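I want to look up two things here: how some strands are joined, and how some aromatic rings sit against each other. My notes follow the structure.

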Amino acid sequence: MVKFVISYSGGKDSVLALHQLKAAGDEPVALLVMMNRQQKRSWFHGIEMPIWVDVSESLNLPLIFCESGDDSYEEVLENGLRQAKAMGAEACAFGDIDIQRHWQWNCQRCQAVGLRPLHPLWQKERRECVETFLRLGYKAVIKCVQNDVTPVDLLGKTLDSSIMQRLEDLGLDVCGENGEYHTFVLDGPLFQRPVAVKQGEILRLQYATVLDLHSAREESAGEEESIF
């Protein structure tokens, strides 16, 4: 049994990595979330703080928030890993699948603080990862899409087999490992309750179009389903 912190984006791959490690008998000690200091949202997926609090409570895992700018990302992440180590973590888990430079970068961060890197999805077939995620019963909403590559009308849709097929028909990677799309996981076997969110604005940025999400926890009090 290995105690680990997970580098957690809230997307399907990090959730599946967490699921696989727990199923193997390993023990998570915390979720490490990298936050954009200027935007006060998580890097890459743009999740706001109140939603992360709901995620932490639903997964029954403490959060390690690491706020950084562009020029301090590595340093701040390593400081977060040191916090996790002080909490008993022996390793850090990542949801990367097969991009070698990501694997190398993860290993370097772990080596710097004396933690083992764990990559439970490494070298898995990409489609198999998505199929496993869906078969386990997780629910993920498509949070952002890459401009000029992925159809914007996928924003806000729940990832399923029909969307996988559509992506394949368009010649895109069904796993989105190359940045074609990102997801945010709302519910599934590890969650004690669904994470309630409501749809905000659709924002077109330089490289991606993003669906803003807001916590709807108070509105969903007493309900069993997430608002979306």
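I start with the term I need for the hairpin: a strand is a DSSP run of E with at least two residues, and strands are numbered from the N terminus. The model I am reading is predicted.

Entry one, strands. I looked up how β9 is connected to β10 and found a hairpin of 3 residues. Strand β9 covers residues 197-204, and 6 bridges hold it antiparallel to β10. I noted one of the bridge partners: Q199 with L213 of β10. Strand β10 (residues 208-215) also pairs with β7 (residues 139-146), antiparallel, over 3 bridges. There I noted C144, whose bridge partner in β10 is V210.

Entry two, rings. I counted 7 aromatic pairs. Why is the pair of W43 and Y73 called edge-to-face? Their planes stand at 80°, which is over 60, so the pair gets that name; the ring centres are 5.8 Å apart. W43 is in the loop between β3 and α2, while Y73 is in helix α3, so this pair ties together parts 30 residues apart in sequence. I checked W43 for exposure: at 16% relative accessible area, W43 is buried.

Y73 also pairs with W105; the centres are 6.0 Å apart and the planes are at 50°, so I wrote down "tilted". W105 belongs to helix α4 (residues 100-113) and Y73 to α3, so parts 32 residues apart in sequence are tied together. W105 is partly exposed, at 24%.

Entry three, leftovers. The charged end of R109 sits over the ring of W105, 4.9 Å from the ring centre. I also listed one aromatic cluster, formed by Y8, W52 and F184.

Methods:
Residues are numbered from 1 along each chain as its sequence is written. This is a predicted model: local features need pLDDT of at least 70, side-chain atom pairs count only at pLDDT 80 or more; totals for chains, interfaces and linings use all residues. Side-chain values use heavy atoms; hydrogens and water are left out. Two strands pair if DSSP finds at least two bridges between them. Helices (H or I, at least four residues) and strands (E, at least two) are DSSP runs, numbered from the N terminus. Rings of Phe, Tyr and Trp (its six-membered ring) pair if their centres lie within 6.5 Å; planes under 30 degrees apart count as stacked, over 60 as edge-to-face and the rest as tilted. Buried means under 20% relative accessible area, exposed over 50%, partly exposed in between (1.4 Å probe, protein chains only). A charge sits over a ring if NZ of Lys or CZ of Arg is within 6 Å of the ring centre and within 35 degrees of the ring normal.
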